[in-house]
Amino acid sequence: MFVSYILAKVRAYLRYRETVRELSLLSDRELDDLGISRFQIDSIAREHATA
């Protein structure tokens, strides 16, 4: 049980980092097309990681 909890947390963190990395690579124009501002990247990545 504890191991599966830790693995779930690690997977969520990896999803978070991947989302931050991918969104950070986008230009301001591309982010604007998606309706995202640069300061929202962290909160969007956190949402995605826990979904």
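Trainee: How much area does the protein expose, and what share of it do carbon and sulfur atoms supply?

Mentor: About 4200 Å² is exposed. Carbon and sulfur atoms supply 60% of that area. Keep in mind that this is a predicted model.

Trainee: Okay. What percentage of the residues count as buried?

Mentor: The protein has 51 residues, and 20% of them count as buried.

Trainee: How many helices and strands are there?

Mentor: Three helices and zero strands. Read from the N terminus, the order is α-α-α.

Trainee: Is the protein a compact globule or more spread out?

Mentor: More spread out. Its radius of gyration is 13 Å. The globule rule gives 10 Å for 51 residues, and 13 Å is well over that, so the protein is more spread out than a compact globule.

Trainee: What does the C-alpha trace span along its principal axes?

Mentor: About 45 × 15 × 15 Å.

Trainee: Let's go to H1. Which residues does it cover, and how far does it reach?

Mentor: Helix H1 takes in residues 2-25, which makes 24 residues. From its first C-alpha to its last it reaches 35 Å. That is close to the 34 Å expected at 1.5 Å a residue.

Trainee: Which residues in H1 are buried?

Mentor: Ala12, Tyr16, Thr19, Val20 and Leu23.

Trainee: And what covers them?

Mentor: The cover includes helix H2 (28-34) and helix H3 (41-50).

Trainee: Take threonine 19. Why does it count as buried?

Mentor: Its relative accessibility is 13%. Buried means under 20%, so threonine 19 makes the cut.

Trainee: What is threonine 19 in contact with, leaving aside neighbours within four places in sequence?

Mentor: Ala45 and His48.

Trainee: Where is histidine 48, then?

Mentor: In helix H3. Threonine 19 sits in helix H1.

Trainee: Is histidine 48 buried, partly exposed or exposed?

Mentor: Partly exposed, at 42% relative accessibility. With sequence neighbours within four places left aside, histidine 48 is in contact with Arg15 and Thr19.

Trainee: How far is histidine 48 from tyrosine 16 in space?

Mentor: 6.9 Å, C-alpha to C-alpha. In sequence they are 32 residues apart.

Trainee: What about serine 43? Which helix is that in?

Mentor: Helix H3. Serine 43 is partly exposed, with a relative accessible area of 40%. Its C-alpha is 9.6 Å from that of tyrosine 16, with their places 27 residues apart in sequence.

Trainee: Back to H1. Is glutamate 22 buried, partly exposed or exposed?

Mentor: Partly exposed. Glutamate 22 is in helix H1, and its relative accessibility is 43%.

Trainee: How far apart are the C-alpha atoms of glutamate 22 and alanine 45?

Mentor: They are separated by 9.8 Å. Along the chain the two residues are 23 apart.

Trainee: And alanine 12? Why is that one buried?

Mentor: Alanine 12 has 16% relative accessibility, so it counts as buried. It is found in helix H1.

Trainee: How far is alanine 12 from isoleucine 36, C-alpha to C-alpha?

Mentor: 21 Å, for residues 24 apart along the chain.

Trainee: New topic: charges. How many positive and negative ones are there?

Mentor: There are 8 positive and 8 negative charges.

Trainee: How far apart are their mean positions?

Mentor: The two mean positions are 10 Å apart.

Terms used:
Residues numbered from 1 in each chain as written. Predicted model: local features only at pLDDT ≥ 70, side-chain atom pairs only at ≥ 80, totals over all residues. Heavy atoms only, no water. Helix = DSSP H or I, 4+ residues; strand = E, 2+ residues; numbered from the N terminus. Rg over C-alpha atoms; globule rule 2.2 N^0.38 Å. Buried < 20%, exposed > 50% of the residue type's maximum accessible area, 1.4 Å probe, protein only. Areas by Shrake-Rupley, 256 points an atom, 1.4 Å probe, with all protein chains shown as cover. Lys, Arg positive; Asp, Glu negative; His and termini not counted. Charge placed at Lys NZ, Arg CZ, Asp CG, Glu CD. Expected span 1.5 Å × (residues − 1). Contact = heavy atoms within 4.5 Å.
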